[in-house]
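Q: Please give me a close look at a single part of this structure, the aromatic packing, and then place that part within the fold as a whole.

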Amino acid sequence: MISASACESLDRMFVHSLQNTFSIPQGESAAVTQVAQSLPDAGAQMVVLMIASHTFRLVMALHFPQSGDALRILAPGSHAGDAHQALRDQMSERGNMCCGMVNREMGRFFAHTGMSTPHIIDSRSGPFMTALPHAHATHWRVAVDARLHIDASLCMHNRAPMDFEWHADARQEVTGELEFF
């Protein structure tokens with residue numbers, strides 16, 4: 001069982017990390033809205049990461065299009081021959097940043113959390129993520145730019161009761177530090 005407080009806290013953590021990961025160049029937070037389900041564009045891919053502990057597994061997926069807008073906005077300056085690889089690398093890094101923020105915050109409540117490396121798969125696999133047994137699942141849309149949005153999914157499976165309350169602290173998020181895994 002996962003409490004309503006824990007579900008709301010997970011959602012707040014995820015939204016906070018998405019806003020920081022996809023901040024707009026002027027320093028503003030990206031707009032993140034909850035949606036009923038992720039509906040990625042045809043040909044989209046998703047980067048999937050997990051946070052796991054002895055008592056839970058949290059799966060996060062970022063669905064990203066393979067469009068020209070995505071290439072220009074998320075992987076600027078990439079060369080024509082390696083543009084799609086540059087986009088995959090950029091989304092893997094952003095997935096690491098997003099998942100790392102959530103992992104640090106979950107570590108305040110749960111001991112021995114571990115984070116996976118990013119895996120890139122076809123977005124058509126997304127519906128199977130919520131078809132697996134889970135205690136909590138939500139979907140979000142991140143407006144990166146007027147022409148580009150990223151869909152994000154969060155899915156929690158727990159093996160023990162889970163109850164905690166999290167709110168974003170007034171402290172600034174520290175970024176750019178080297179983190180060892």
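A: The aromatic packing comes next, followed by its surroundings and the chain as a whole. The model is predicted: local features need pLDDT of at least 70 and side-chain atom pairs count only at pLDDT 80 or more, whereas totals for chains, interfaces and linings use all residues. Residues are numbered from 1 along each chain as its sequence is written, and side-chain values use heavy atoms, with hydrogens and water left out.

A search of the whole structure finds 3 aromatic pairs. Rings of Phe, Tyr and Trp (its six-membered ring) pair if their centres lie within 6.5 Å; planes under 30 degrees apart count as stacked, over 60 as edge-to-face and the rest as tilted. In one pair, phenylalanine 56 and phenylalanine 110 have ring centres 5.2 Å apart and planes at 65 degrees, so this pair is edge-to-face. Phenylalanine 56 belongs to strand 3 (residues 56-64), while phenylalanine 110 sits in the loop between helix 3 (83-106) and strand 4 (114-115), so the pair links distant parts of the chain, 54 residues apart. Helices (H or I, at least four residues) and strands (E, at least two) are DSSP runs, numbered from the N terminus.

Phenylalanine 110 also pairs with phenylalanine 164: their ring centres are 5.6 Å apart and the planes stand at 90 degrees, so this pair too is edge-to-face. Phenylalanine 164 lies in the segment after strand 7 (148-158), and the pair therefore ties the loop between helix 3 and strand 4 to a part that is 54 residues away in sequence. Phe56, Phe109, Phe110 and Phe164 form one aromatic cluster.

Both phenylalanine 56 and phenylalanine 110 are buried, where buried means under 20% relative accessible area, exposed over 50% and partly exposed in between (1.4 Å probe, protein chains only). The relative accessible area of phenylalanine 110 is 16%, and phenylalanine 164 counts as buried at 6%.

Phenylalanine 164 leads on to the N-terminal helix. Serine 5, placed in helix 1 (residues 4-21), touches Asp163, Phe164 and Glu165, not counting residues up to four places away in sequence; contact means heavy atoms within 4.5 Å. Serine 5 is itself buried, at 18% relative accessible area.

Helix 1 also packs against helix 3, at an angle of about 140 degrees and with the axes 9 Å apart. Axes are lines fitted to C-alpha atoms, for helices over the stretch in contact, and angles run from 0 to 180 degrees between N-to-C directions. The two helices are therefore oblique to each other, since angles under 35 degrees count as roughly parallel, over 145 as roughly antiparallel, 65 to 115 as roughly perpendicular and the rest as oblique. Helix 1 contributes residues including Leu10, Met13 and Phe14 to the contact, and helix 3 residues including Met97, Cys98 and Met101.

Cysteine 98 is buried, with a relative accessible area of 2%. Its sulfur is 7.1 Å from the closest cysteine sulfur, in cysteine 99, too far for a bond. With a disulfide taken as a pair of cysteine sulfur atoms within 2.5 Å, the count comes to 0.

As for the whole, the protein chain has 4 helices and 7 strands, running α-β-β-β-α-α-β-β-α-β-β from the N terminus on. Buried residues make up 43% of its 181 residues. Among contacts between residues at least 6 apart in sequence, 72% join residues at least 24 apart.
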